[in-house]
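Work through the two exercises below with the model open. Each solution goes step by step.

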Amino acid sequence: MSSKIVCFMCNWAFCLEEMEVPKNVNIVRVMCIGRLDPTIVLDVLAKGFDGVLMVGCKPPDCHYVEGNLQAERAVKLLKKLVALAGLEPERIKLEWYTPFEGTSFIQHLKEFSSTINALGESPLKESPELMLNILAATLGLGFFLEGRKN
Ligand code: FES
């Protein structure tokens, strides 16, 4: 099975290996991983993707001061929410990446892909109840985040 994965990647954690990204992984660039609305991660799962990898600059290197740490808090919350909804929290992962340390971005991707392959296809596709839970979590998180702005 080839899992369907979305990888949200900070534009500044740029990667020279991008041409080698496997076809089952969709890379979406964001200006800072902390600017990614966490409800989008739940939306992606609801749309049938099997896993979401978020890649941000390795602390303390964030061009927006602490966007990466903000993303870390968001991922903790997202993992709790999906677990409550009945989905494996391992389907969401945050990685720090810097191209200057000689670590391979492709290696991170492969590791995440094997985790997702081991979990199998997202059960959301077959379970209307689980889908409702994820949609409710998305809505609840959206209200929560909106309330914090006011
Ligand atoms: Fe890369 Fe913030 S600029 S994580």
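The exercises concern a strand and a pair of helices in this predicted model.

**Exercise 1.** Establish whether strand S1 (residues 5–10) is enclosed or open, and find its pairing partners.

*Solution.*
Step 1. Check burial face by face. On one side, Ile5, Cys7 and Met9 are buried. On the other side, Val6, Phe8 and Cys10 are buried too. Both faces of S1 are therefore covered, and with six of the six residues buried, the strand is largely enclosed by the rest of the structure.

Step 2. Find the partners. Strand S2 (residues 25–30) runs parallel to S1 and is joined to it by six bridges. Strand S3 (residues 51–57) also pairs with S1 in the parallel sense, over five bridges.

Step 3. Fix the register. Ile5 stands opposite Val25 of S2. Met9 has Val55 of S3 as its bridge partner.

**Exercise 2.** Describe how helix H1 (residues 38–46) packs against helix H4 (residues 128–149).

*Solution.*
Step 1. Take the geometry. Two packed helices are described by the angle and the distance between their axes. Here the axes of H1 and H4 come within 9 Å and cross at roughly 165°.

Step 2. Classify the angle. Angles over 145 degrees count as roughly antiparallel, so H1 and H4 are roughly antiparallel to each other. Their crossing is left-handed.

Step 3. List the contact. H1 contributes Pro38, Thr39, Leu42, Asp43 and Ala46. H4 contributes residues including Met131, Ile134, Leu135 and Leu145.

Step 4. Sort the residues of this contact. Nine are nonpolar, three are polar and one is charged.

Terms used
Residues numbered from 1 in each chain as written. Predicted model: local features only at pLDDT ≥ 70, side-chain atom pairs only at ≥ 80, totals over all residues. Heavy atoms only, no water. Buried < 20%, exposed > 50% of the residue type's maximum accessible area, 1.4 Å probe, protein only. Helix = DSSP H or I, 4+ residues; strand = E, 2+ residues; numbered from the N terminus. Pairing = 2+ DSSP bridges. Axes fitted to C-alpha atoms, helices over the stretch in contact; angles between N-to-C directions. Parallel < 35°, antiparallel > 145°, perpendicular 65-115°, else oblique. Left-handed = near helix turned anticlockwise from the far one by under 90°. Contact = heavy atoms within 4.5 Å. Nonpolar A, V, L, I, M, F, W, Y, C, P; charged D, E, K, R; others polar.
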